[in-house]
Amino acid sequence: MTDNPHGAMFRAIVPHQHSRVTYAELFFDLVFVFAVTQISHTLLAHFTLLGALQVTVLFLAVWWVWVFTSWITNWLNPEKTPVRLLLFAMMLGGLVLSTSIPAAFEARGLWFAIAYAAMQVGKTIFLWVSTPPSRPRTRMNAIRIAAWLSMSAVFWIAGGMMEGQSRLALWAIALVIEYISPAVRFWIPRYGASSVADWMIEGGHMAERCALFIIIALGESIVVIGATFAELTWTTENVLAFVAAFVGSLAMWWIYFHIGAEAGSEQLSKSSEPGRLARLAYTYLHMPIVAGIIVTAVADELVLKHPGGHSDLKTVISAIGGPLLFLFGTILFKHSFRGFLQLSHGVGIIALCVLAWFASELSPLMLSILTTAIMMVVAVWESVSLQSGPRE
């Protein structure tokens with residue numbers, strides 16, 4: 001499938017040829033470096049059950065607006081000036097969204113909602129308007145998506161005008177609407193659902209975009225480690241906590257990138273239904289991976305500031321929960337294209353669950369060292385096993 005003169009703003013999809021990520025897309029991603037930082041700091045400041053629920057809603061919104069933009073720029077060509085201007089407008093909306101995160105359930109809820117709804121609906125209308133009549137299925141797909149996002153926008157704006165639990169409930173409804181929409185292929189009355197053929201994508205580009213978001217999350221983790229350590233007195237405990245946090249981030253990078261990311265990109269490029277695989281592996285299954293990195297960054301800051309004594313509940317939940325989320329996401333992500341569950345990841349998940357039973361008796365430093373050790377074992381085990389054969 002190649003482009004034509006009637007689809008001037010669309011990418012030319014050439015079989016077995018990978019479209020590179022453009023500089024405009026990388027520039028756009030900078031806003032989400034800030035958004036991820038805002039989410040981790042908000043979680044650290046509101047580490048309660050209610051706070052965790054609120055931050056989860058904010059994280060799901062940030063991920064969804066970013067991944068939907070990646071779908072749009074997979075279809076449209078960001079080297080074209082109108083598409084580039086769309087990305088720049090989205091950056092402005094993203095900055096408003098990001099700056100509203102810490103007070104999204106307080107004074108800036110309406111700002112957050114307006115920015116989010118404008119970004120989601122706006123770029124979908126842009127796709128619709130940019131699609132020529134010679135691409136009726138793509139136009140219809142844009143209409144379906146716009147209908148679903150417009151429906152959720154009502155709940156976002158209504159939630160922004162409410163307070164407390166009402167806001168949380170309305171925003172949760174908005175997210176449910178948006179998250180089920182791809183699963184039902186954006187079915188709307190009279191026109192039905194889109195077909196798999198309507199979701200033709202350039203697989204290598206989508207895989208690279210999502211891998212770059214993992215880099216964004218890991219980069220935020222490195223910034224937290226460095227910034228926190230720079231403010232501390234460099235005692236033996238603090239240095240060990242610093243090294244453990246860094247090696248933990250390195251292990252996460254190794255687990256995702258050493259074999260998994262490239263294999264996923266290859267499989268997506270070869271798939272006869274790349275849209276279906278991308279919807280599962282990259283749109284949905286990358287969420288726990290990114291969430292795990294963010295929660296681990298919170299744990300790193302807690303351990304660096306208080307490495308001694310017994311681990312409190314906040315430290316235990318973040319230190320164990322972050323790697324657990326990450327491994328849960330990666331084992332499902334790799335299963336989606338390998339067809340088998342990675343034994344190393346499963347053993348790592350079990351080891352973390354066992355560690356959770358007596359984690360409160362350990363110092364935060366020891367807890368960090370042990371979780372890092374588990375992650376390193378997973379990374380090395382997977383590398384060795386997949387080099388010796390296709391399965392563990």
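# Aromatic rings, helices and enclosed spaces

Trp234 counts as exposed, because its relative accessibility is 58% and the threshold for that class is over 50%. This residue belongs to a predicted model, and every value given for it below is computed.

Trp234 is a useful place to begin, since its ring has a partner. Across the whole structure a search finds 24 aromatic pairs. One of them joins Phe229 to Trp234 in a stacked arrangement, with the ring centres 4.7 Å apart and an angle of 10° between the planes. The two partners do not share a surface class: Phe229 is buried at a relative accessible area of 7%, whereas Trp234 is exposed at 58%.

A second pair has another geometry. What distance and angle describe the rings of Tyr282 and Phe333? Their centres lie 5.4 Å apart and their planes meet at 75°, so the pair is edge-to-face, given that planes over 60 degrees apart fall in that class. The pair connects distant parts of the chain, with Tyr282 in helix H9 and Phe333 in helix H11, 51 residues apart. Both Tyr282 and Phe333 are buried. They are also members of a cluster linked by ring pairs, which takes in Trp253, Trp254, Tyr256, Phe257, Tyr282, Phe333 and Phe337.

## The largest pocket and helix H10

The largest pocket holds about 410 Å³ of space. Its lining is made up of 21 residues, and those nearest the centre are Leu43, Ala52, Thr56, Val295 and Leu325. Four helices each give two or more residues to this lining, namely H1 (23–45), H2 (49–75), H10 (286–305) and H11 (313–338).

Of these helices, H10 can be checked against its expected length. Its 20 residues should span 28 Å at 1.5 Å a residue, and the C-alpha atoms at its ends are 29 Å apart, so the two values agree. H10 is also mostly covered, as 19 of its 20 residues are buried.

## Two cavities

Besides the pocket, the structure contains 2 cavities of 30 Å³ or more. The largest cavity has a volume of about 200 Å³, and 15 residues line it, with Trp71, Pro182, Phe186, Trp199 and Arg279 closest to its centre. The elements that contribute two or more residues to this lining are H2 and helix H9 (274–284). Helix H2 therefore appears in the lining of the largest pocket as well as in that of the largest cavity.

The second largest cavity has a volume of about 140 Å³. It too is lined by 15 residues, and Thr296, Asp300, Pro323, Thr371 and Thr372 lie nearest its centre. Here two or more residues come from each of helix H8 (236–270), H10, H11 and helix H13 (364–388).

The table sets out the linings of these spaces by residue class.

| Space | Nonpolar | Polar | Charged |
|---|---|---|---|
| Largest pocket | 16 residues | 4 residues | 1 residue |
| Largest cavity | 9 residues | 3 residues | 3 residues |
| Second largest cavity | 7 residues | 7 residues | 1 residue |

## Positive phi angles in one loop

One of the residues close to the centre of the largest cavity, Phe186, also stands out in its backbone. Most residues other than glycine have a negative phi. Phe186 is not a glycine, yet its phi is positive, at about 55°. This residue is found in the loop between helix H6 (164–180) and helix H7 (203–230), and it counts as buried because its relative accessibility is 0%.

Arg190 lies in the loop between H6 and H7 as well. Although Arg190 is not a glycine, it has a positive phi of about 75°. Is Arg190 buried or exposed? With a relative accessible area of 80%, Arg190 is exposed, so within this loop it contrasts with Phe186, which is buried at 0%.

## Cysteines

A disulfide is a covalent bond between the sulfur atoms of two cysteines. A search of the whole structure finds 0 disulfides. Among the cysteines, Cys210 counts as buried because its relative accessibility is 0%, while Cys353 is partly exposed at 39%, a value that falls in between the limits of 20% for buried and 50% for exposed.

Technical notes: Residues numbered from 1 in each chain as written. Predicted model: local features only at pLDDT ≥ 70, side-chain atom pairs only at ≥ 80, totals over all residues. Heavy atoms only, no water. 1 Å grid on protein atoms, 1.4 Å probe; cavity = no way out; pocket = protein on both sides within 12 Å on 5 of 7 lines; lining within 4 Å. Points joined across faces, edges and corners; volume = space filled by probe spheres on them. Nonpolar A, V, L, I, M, F, W, Y, C, P; charged D, E, K, R; others polar. Disulfide = S-S within 2.5 Å. Buried < 20%, exposed > 50% of the residue type's maximum accessible area, 1.4 Å probe, protein only. Expected span 1.5 Å × (residues − 1). Phe/Tyr/Trp six-rings, centres within 6.5 Å; stacked < 30°, edge-to-face > 60°.
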